[in-house]
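Me: I'm in my first year and still learning to read structures. Could you pick one part of this one, look at it closely, and then show me how it fits into the rest?

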Amino acid sequence: MAHDSRFTPDAARRWAELGGRAQTRLLNNIFCFACRKPGTIVRFTGKMRGEDLVLEGSCMACDSPVARVIEGS
């Protein structure tokens, strides 16, 4: 999946484990509080917080900051 993103090593491993289909679904399923609607995260970074993978980036529609947490098992 081609995108402008940076991940810590642990986050990159976790992201890769999800597979392309799940990655796409997660990236296209954020909520932007500025737009007040669902959207897509772009220009994101990935890091682990405990067992959770946290993506932080921008809303594709309005460029406001957004985040997506992918909970660990």
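Reply: Happy to! One definition helps before we zoom in: a residue counts as buried when its relative accessible area is under 20%, as exposed when that area is over 50%, and as partly exposed when it falls in between. Please also keep in mind that this is a predicted model.

Let's take D63 as our starting point. D63 sits in the loop between β5 and β6. Is D63 buried, exposed or partly exposed? Its relative accessible area is 46%, so D63 counts as partly exposed. The backbone of D63 deserves a glance too: its phi angle is near 70°, a positive value in a residue that is not glycine.

Which residue does the side chain of D63 meet in a salt bridge? The partner is R43, and the N to O distance between the two side chains is 2.0 Å. Side chains of opposite charge can pair when their charged atoms come close. To count as a salt bridge here, the side-chain nitrogen has to be within 4 Å of the carboxyl oxygen.

Now look at where the two partners sit. R43 belongs to strand β4, which covers residues 41-49, while D63 is in the loop that joins β5 (52-59) to β6 (65-70). The two are 20 residues apart in sequence, so their salt bridge ties together parts of the chain separated by that stretch. R43 also has a positive phi, near 45°, although R43 is not a glycine either. With 45% relative accessibility, R43 is partly exposed.

How many salt bridges turn up when the whole structure is searched? The search finds 4, and the pair of R43 and D63 is one of them. Let's visit some others. K47 forms a salt bridge with E56, their closest N and O atoms lying 3.5 Å apart. R49 meets E56 in a salt bridge as well, with 3.4 Å from N to O. Put together, K47, R49 and E56 make up a network of salt bridges. In your viewer, try clicking on E56, since both of those pairs include E56.

How open are these network members to the outside? K47 has a relative accessible area of 30%, so K47 is partly exposed. E56 is also partly exposed, at 30% relative accessibility. R49 falls into the partly exposed group too, with 46%.

Next, the cysteines. How many disulfides does the structure hold? The count is 0. A disulfide is a covalent bond between the sulfur atoms of two cysteines. The cut-off we need is that the two sulfur atoms lie within 2.5 Å. For C35, the closest cysteine sulfur is that of C62, at 3.5 Å, which is too far for a bond. For C59, the closest cysteine sulfur belongs to C32, and at 3.8 Å this pair is too far apart for a bond as well. C59 is buried, with a relative accessible area of 3%, whereas C35 is partly exposed at 23%.

C32 comes up again when we move to K37. K37 lies in strand β3, which spans residues 37-39. If you leave aside its neighbours within four places in sequence, K37 is in contact with I30, F31 and C32. The relative accessible area of K37 is 44%, so K37 is partly exposed.

Finally, let's step back to the whole protein. The protein has 2 helices and 6 strands. Read from the N terminus on, the elements follow the order β-α-α-β-β-β-β-β. The C-alpha trace spans about 30 × 25 × 20 Å along its principal axes. A compact globule of 73 residues would have a radius of gyration near 11 Å, and the 12 Å of this protein agrees with that. Of those 73 residues, 34% count as buried. Among contacts with a separation of 6 or more, 40% involve residues 24 or more positions apart. As for the outside, the accessible surface comes to about 4,700 Å², with 50% of it belonging to carbon and sulfur atoms.

How values were computed: Residues numbered from 1 in each chain as written. Predicted model: local features only at pLDDT ≥ 70, side-chain atom pairs only at ≥ 80, totals over all residues. Heavy atoms only, no water. Buried < 20%, exposed > 50% of the residue type's maximum accessible area, 1.4 Å probe, protein only. Helix = DSSP H or I, 4+ residues; strand = E, 2+ residues; numbered from the N terminus. Contact = heavy atoms within 4.5 Å. Rg over C-alpha atoms; globule rule 2.2 N^0.38 Å. Areas by Shrake-Rupley, 256 points an atom, 1.4 Å probe, with all protein chains shown as cover.
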